[in-house]
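Student: Could we go through this one together, a bit at a time? I'd like to ask as I look.

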Amino acid sequence: MLEGFFQAYLAEYRPFKTYWNYEDGCILRGCRKLYDITGDVRCLDFVMDYLSPRVQEDGSIPTFLESKHCLDSFHCSKALFLADAAEPHGKYARALRRHPGYLRLHPRTAEGLLWHKEMYPHQIWLDGLYMIMPFLAEYAVWSAEDAAACNAELRRTFGFVRQYMREEETGLYRHGADRAMVQSWADPVTGLSASCWLRGMGWLLMALVDCIPLVQQTDGVLCEELKHMLRQAVEDLLPYRNETGLFYHVVDQPEAAENYTETSGNAMIAYTLMQGAALEVLPAEQAQIGLQMLHTLCENKLLQTDSGFALGDICSSAGLGGATNRDGSCGYYCGEPRVQNDPKGVGALMLACAAAGQWQGCTVANHSAGNALGG
């Protein structure tokens, strides 16, 4: 069922925006993970067909909007590593070489942290960690001469997030931090946003689990720090599962009447648990929790429609501040539209399925990832 859903989705997919964007990056990332696990060339073809017309021979990407100084853009750029492996030393390598220049011009906080976007000054969002940190971790492997600088960025950023964005009492992480302490959504003392948003936790955990195997190749000490951060974050999060085994959209306010079990965030957590166990960073029992979460999502969120299957209960978008003054409250997050087949949800489900295949391939004799995806 899932394999058919994914292939139909890819066949009908249209770019989410006209420019280089993280939503398309979610689908590209899902395709890459499925290709890595299953070897299905259709996933590779999708990535290459997406990138080929957008990346010029000189490595420029006209739709990469440099002037926006937006970390979201780097999520799409992660696909360049796969493209360079498929067609080495060509335009995709030249495109990758341009990215350090993008970061040199990116605005930073007083501590040297990358702003989430230029339009969100002095702000660190958990979303941004997932967009940029795994890119830098892979760039450090791809370009050995840049490894030290990339790992310094990772150490500085994850260290800040662990120290300042984690709520000591619960162990949960807040969605955003305003280092200028001036945003209306920010606590005037801590600068933190008001709630623990599930997809924010998902972005953070996926950033950690994706960075760990890459950093292991370039900085063993940093790798151990990230492993510890991941284990602790997972242990602190798991008690918040509800009776279905899933998490609420606003994790720390389960009693709120408007709260619901949002699909993309739960798929991200399921992916992290299974991927972390496959890497032998998280225990097997947590992978089993992730696998059960995946089954529950498929049973309750993947809906039969007249035109096929549709993945529902995906929060269309959520942020902080901006023109609509998004205040970071439970009411705000739960009031954002719920949509079907949004790439943030479908991409996360693709990742979870790939991780299920990898985990089961690690633990069950003669069990193929392809069988896991087709069941």
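Student: Which residues does V251 touch, leaving out those up to four places away in sequence?

Tutor: Bearing in mind that this is a predicted model, V251 touches L172, C196, W197, L198, L237 and Y240 once residues up to four places away in sequence are set aside.

Student: And where does V251 sit, and is V251 buried or exposed?

Tutor: V251 belongs to the loop between α10 (220-237) and α11 (263-278), and with a relative accessible area of 1% V251 is buried, because the cut-off for that class is under 20%.

Student: How far is V251 from G101, C-alpha to C-alpha?

Tutor: Their C-alpha atoms are separated by 37 Å, with the two positions 150 residues apart along the chain.

Student: What about G200 and Y130, how far apart are their C-alpha atoms?

Tutor: For that pair, which is 70 residues apart along the chain, the C-alpha separation is 9.4 Å; G200 itself lies in helix α9 (residues 198-215) and is buried, at a relative accessible area of 0%.

Student: Switching to α5, why is it described as largely enclosed?

Tutor: Six of the eight residues of α5 are buried, so the helix is largely enclosed by the rest of the structure. The buried ones are A79, L80, F81, L82, A83 and D84, and they pack against α2, α3, α4, α6 and α7 (126-142).

Student: α6 is in that list, so at what angle do α5 and α6 pack?

Tutor: Helix α5 (residues 79-86) and helix α6 (residues 91-104) pack at an angle of about 145°, and their axes are 8 Å apart. The crossing of these two helices is left-handed.

Student: Which residues make that contact?

Tutor: On the α5 side the contact is made by L80, F81, A83 and D84, while α6 contributes Y92, A93, A95, L96 and H99. Sorted by class, the residues in this contact of α5 with α6 are seven nonpolar, one polar and one charged.

Student: Which residues of α3 are buried, and what covers them?

Tutor: In helix α3 (residues 41-51) the buried residues are C43, L44, F46, V47, M48, Y50 and L51, and what covers them includes α1 (2-12), α2 (22-38), α4 (73-77), α5 and α6.

Student: Different topic: how much space lies in the largest pocket?

Tutor: The largest pocket holds about 450 Å³ of space. It is lined by 25 residues, of which K17, Y22, C70, D72 and K117 are the closest to its centre.

Student: How does that lining divide by class?

Tutor: The lining of the largest pocket divides into 10 nonpolar, six polar and nine charged residues.

Student: Last thing, the backbone: what is phi of M181, and where is that residue?

Tutor: Phi of M181 is near 60°, which is a positive value in a residue other than glycine. M181 is found in the loop between β2 (176-178) and α9, and M181 is partly exposed, with a relative accessible area of 31%.

Student: And what is phi of D313?

Tutor: For D313, phi is likewise near 60°, a positive value in a residue other than glycine. D313 is placed in the loop between β4 (308-311) and β5 (314-315), and at 24% relative accessibility D313 counts as partly exposed.

Key: Residues numbered from 1 in each chain as written. Predicted model: local features only at pLDDT ≥ 70, side-chain atom pairs only at ≥ 80, totals over all residues. Heavy atoms only, no water. 1 Å grid on protein atoms, 1.4 Å probe; cavity = no way out; pocket = protein on both sides within 12 Å on 5 of 7 lines; lining within 4 Å. Points joined across faces, edges and corners; volume = space filled by probe spheres on them. Nonpolar A, V, L, I, M, F, W, Y, C, P; charged D, E, K, R; others polar. Axes fitted to C-alpha atoms, helices over the stretch in contact; angles between N-to-C directions. Helix = DSSP H or I, 4+ residues; strand = E, 2+ residues; numbered from the N terminus. Left-handed = near helix turned anticlockwise from the far one by under 90°. Contact = heavy atoms within 4.5 Å. Buried < 20%, exposed > 50% of the residue type's maximum accessible area, 1.4 Å probe, protein only.
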